[in-house]
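Visitor: Please take me closely through one part of this structure, the packing of one helix against another, and then set that part in the context of the whole.

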There are 2 protein chains.
Amino acid sequence: MAGKRYSEEKKIVYYDTDISGRLSLGKLVDFMMLVSSDQSKQLDVSLQQMKDEGLGWVVTQHIIKIKKMPRLDDTIKITTQAKTYNRFFCYRDFEAEDQAGNLIATMHSVFVMMNLKKRRMVRLEDRFIEAYEGEYTTKIERLASPQPVEKPDQEHDYRVRFMDIDINRHVNNAHYIDWMLDTLEPDFLLHHELTEMNILYKKEVSYGSTVTSRMQRDGLKTYHEILNDGEPSCLAECQWKEV
Amino acid sequence: MAGKRYSEEKKIVYYDTDISGRLSLGKLVDFMMLVSSDQSKQLDVSLQQMKDEGLGWVVTQHIIKIKKMPRLDDTIKITTQAKTYNRFFCYRDFEAEDQAGNLIATMHSVFVMMNLKKRRMVRLEDRFIEAYEGEYTTKIERLASPQPVEKPDQEHDYRVRFMDIDINRHVNNAHYIDWMLDTLEPDFLLHHELTEMNILYKKEVSYGSTVTSRMQRDGLKTYHEILNDGEPSCLAECQWKEV
């Protein structure tokens, strides 16, 4: 398979866990995104170098599959590779392994390149994509979109806080996941594990705004929507199993 | 000075930073608390071993002094030692150094031992305190308490979220700091750096409750209070400098 591989190990500490002692999903995504940004540094196409030229990567979709969520004190190894790209999209894969080398989670992500000033998507620039040695293809992946929430069973409002914004000046992807999962009852969260999440980012939320997180549940499936000014900013569909 | 020393290095990554690129204060406290819990493991008096006997450490106060907050990609070294203790209190110190060995932050913390079932403070048990080789003293430190908020300039409500609770089943200390600082205007936070914080934890907040974070500002001093059911759960006093 094309695309340079890059790995890092990560130990799960207490502030990465939820009440069950498992790694929280938002943190797993944080770890994976960090590994991808460290690979960019290693290949001399860092986010800082892109920023200096007014460019940035933005994630539009993650498809996350969890076999077994690691727990407090576990060490996991995360590997990433940017396998393929076309004119506008870069497809990046992530794998997490436990210490015995068992695959415990995967993530398939879609990245686009942004002109930071115009806040507009641009064609991928060769000098920032070639280093990953992914395969160029004319194919555009047709990934399923999460179903919208039709009749919410629960909704909560969240004001975007100063601490939700990182150095990249936008709300960290992991916060959307926290807002989504927080609409589920604690009893549900304690007795279920997420096995799959398809999350689609449509429109950035900015500091100071208040978002509404709406959730609809249908047995072991949950549907989520983050609304900002009445417009969907982020959608997700989750599959759960009982534990 | 008495008390075994223990150190760990930590690299600041993007999700540890705020919009200014500096390490967020809550994260610094998280890092320090982690180093202290890792020392406990190393000395074979881990939190898990205490939990097995129905005991736990609880922080009642932190006095934090910041000379220079580290930034994205900086590596810092955190050292801790439990210097002294008396019948009820253990006093622990933390130091953070930059890569050149300059002292950039300190924290002085007061710990008490809790009977986890009765949620009551108990006398320090020798077998869990001796390993640190701190000095036993009959002296009880008289640390200043933060001044209460009299006329709040700003207040916000926060619902305690599922993700705010960690494996220890209480709200991570760092979240109180986030609730407090979030009441300050972004413009103030961007143009000021915290140099000192005295934070006093009075009463635990539980999952599902809504807290009110109140703040009063007097020039370069800010006073903070977290109210839960009308009672103060946590108080703090901060000193800032312009940047």
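Guide: In chain B, the residues of α1(B) that meet α4(B) are B:Leu25, B:Gly26, B:Val29, B:Asp30 and B:Met33, and on the side of α4(B) they are met by B:Asn173, B:Ala174, B:Ile177, B:Asp178 and B:Leu181. Sorted by character, the residues of this contact divide into 6 nonpolar, 2 polar and 2 charged. The model is a predicted one, and the geometry described here is computed from its atoms. Helix α1 of chain B spans residues 25-42 and helix α4 of chain B spans residues 173-181, and the two pack at an angle of about 165 degrees with their axes 8 Å apart. Since an angle over 145 degrees counts as roughly antiparallel, α1(B) and α4(B) are therefore roughly antiparallel to each other. As for the hand of the arrangement, α1(B) passes α4(B) in a right-handed crossing.

Chain A can be described in similar detail. There, helix α1 (residues 25-42) and helix α4 (residues 173-181) pack at an angle of about 165 degrees, their axes lying 8 Å apart, which makes α1(A) roughly antiparallel to α4(A). The crossing in which α1(A) passes α4(A) is right-handed. On α1(A) the contact is made by A:Leu25, A:Gly26, A:Val29, A:Asp30 and A:Met33, while α4(A) contributes A:Asn173, A:Ala174, A:Ile177, A:Asp178 and A:Leu181. The residues of this contact in chain A divide into 6 nonpolar, 2 polar and 2 charged.

The relation between the two chains can be stated through their superposition. A turn of 180 degrees, with a shift of 0.0 Å along the axis, lays chain B on chain A with an RMSD of 0.0 Å, and the two copies are thus related as by a two-fold rotation axis. Within chain B, the C-alpha nearest that axis belongs to B:Tyr158, at 4.6 Å from it. Both copies are served by the same surface, in that 100% of the contact residues of chain B recur in chain A.

Finally, a word on confidence. For chain A the mean pLDDT is 94, and 99% of the residues of this chain reach 70 or more. For the model, the scores are ipTM 0.90 and pTM 0.93.

Notes. Residues are numbered from 1 along each chain as its sequence is written. Chains are lettered from A and ligands numbered from 1 in the order in which they are written. This is a predicted model: local features need pLDDT of at least 70, side-chain atom pairs count only at pLDDT 80 or more; totals for chains, interfaces and linings use all residues. Side-chain values use heavy atoms; hydrogens and water are left out. Axes are lines fitted to C-alpha atoms, for helices over the stretch in contact, and angles run from 0 to 180 degrees between N-to-C directions. Helices (H or I, at least four residues) and strands (E, at least two) are DSSP runs, numbered from the N terminus. Angles under 35 degrees count as roughly parallel, over 145 as roughly antiparallel, 65 to 115 as roughly perpendicular and the rest as oblique. A crossing is left-handed if the near helix is turned anticlockwise from the far one by less than a right angle, and right-handed if clockwise. Contact means heavy atoms within 4.5 Å. Ala, Val, Leu, Ile, Met, Phe, Trp, Tyr, Cys and Pro count as nonpolar, Asp, Glu, Lys and Arg as charged, and the others, Gly among them, as polar. Copies are superposed by least squares on the C-alpha atoms of residues with pLDDT of at least 70 in both. pLDDT is the predictor's confidence in each residue, from 0 to 100.
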